[in-house]
Amino acid sequence: MCCMINFIICDDKKEFIDEIVNVIDTVMMQNNEAYQKHIYSEYNDEFLHVINCNLSWKIYILDIEVKDKSGIDMARKIRENDIESMIIFITVYYQKYIQDILKSKFMFLDFINKKKDYKAELATTIKYALQNIKKKNIIRFKSNGIIYTLCTKDILYIFRDKDRKCTIKTTSNEFTVLKTLVQLYDLLDETFAYAHRACIVNLDRIKIYDKKNHIITFDTDETTDLVSNRFRMKCK
């Protein structure tokens, strides 16, 4: 599969980090999913940066008390611009925070007590998260014997080359497939539009549209000049 699941973990105790990582690896060994772990020992600038990164499918596992900062505050920051990512809270101070968590509007997936056998509960919660992630917007198709599964929000644009092959540009990769542009467009939702007869763009990923020079810049700073007059008119 081409979608990357990103586990974002923050805990200031190495023993817990090691246990959480072991649970993730054990669960993911049973799944045919690509995944990456982003591990932090504090809620610092690097952690704040990953919140704002346009990564695919995020699953946060957040300790409530990390040094002088709160996982609850971090969840609030996550939800400012991101309502899709999964949040799992985990703490040894379960009773202290249970009411605050239950009253919150963070749409969290679970609140786990470290003082119990939390590893079994965490594994179950991660499995549940994976089941729900698969229901989110994806396209799946077969080309030249390869099955592709792509997150639609990861796609920047798709263009057709002179050989009539289509290249799908994503946040971090590109895939050349033996599908027509029309076939791919039919798999996509209303966030995609033809910018040119040879190019489909993800409207949600456009950062700048330079009408004078007819260049689209995406939020990764990738650009395309495949822009038709019709698209220019629509953007007036």
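**Figure 1. Surface of the predicted model.** About 13100 Å² of the protein is accessible surface, with 47% of that belonging to carbon and sulfur atoms. Keep in mind that this is a predicted model. Of the 236 residues in the protein, buried ones make up 45%.

**Figure 2. The charged side chains.** Counting side chains gives 38 positive and 34 negative ones in the protein. Take the centre of each set, and the two centres lie 6 Å apart.

**Figure 3. The overall fold.** Seven helices and 17 strands make up the secondary structure here. The C-alpha trace spans about 60 × 40 × 25 Å along its principal axes. As for who touches whom: look at contacts between residues at least 6 apart in sequence, and 54% of them join residues at least 24 apart.

**Figure 4. Helix H4 and its buried side.** Helix H4 runs over residues 94-103, and its buried residues are Tyr97, Ile98 and Ile101. These three sit on the same side of H4 because they cover an arc of only 135° around the axis.

**Figure 5. What H4 packs against.** Zoom in on the buried residues of H4 and you'll find two kinds of partner, helix and strand. The helix is H3 (71-81), while the strands are E4 (65-66), E6 (86-91) and E7 (110-113).

**Figure 6. The other face of H4.** Turn to the face of H4 that points away from its buried side, and the exposed residues there are Gln95, Lys96 and Lys103. Compare that with Tyr97, Ile98 and Ile101, which are buried.

How values were computed: Residues numbered from 1 in each chain as written. Predicted model: local features only at pLDDT ≥ 70, side-chain atom pairs only at ≥ 80, totals over all residues. Heavy atoms only, no water. Helix = DSSP H or I, 4+ residues; strand = E, 2+ residues; numbered from the N terminus. Buried < 20%, exposed > 50% of the residue type's maximum accessible area, 1.4 Å probe, protein only. Contact = heavy atoms within 4.5 Å. Areas by Shrake-Rupley, 256 points an atom, 1.4 Å probe, with all protein chains shown as cover. Lys, Arg positive; Asp, Glu negative; His and termini not counted. Charge placed at Lys NZ, Arg CZ, Asp CG, Glu CD. Arc of directions from axis to C-beta.
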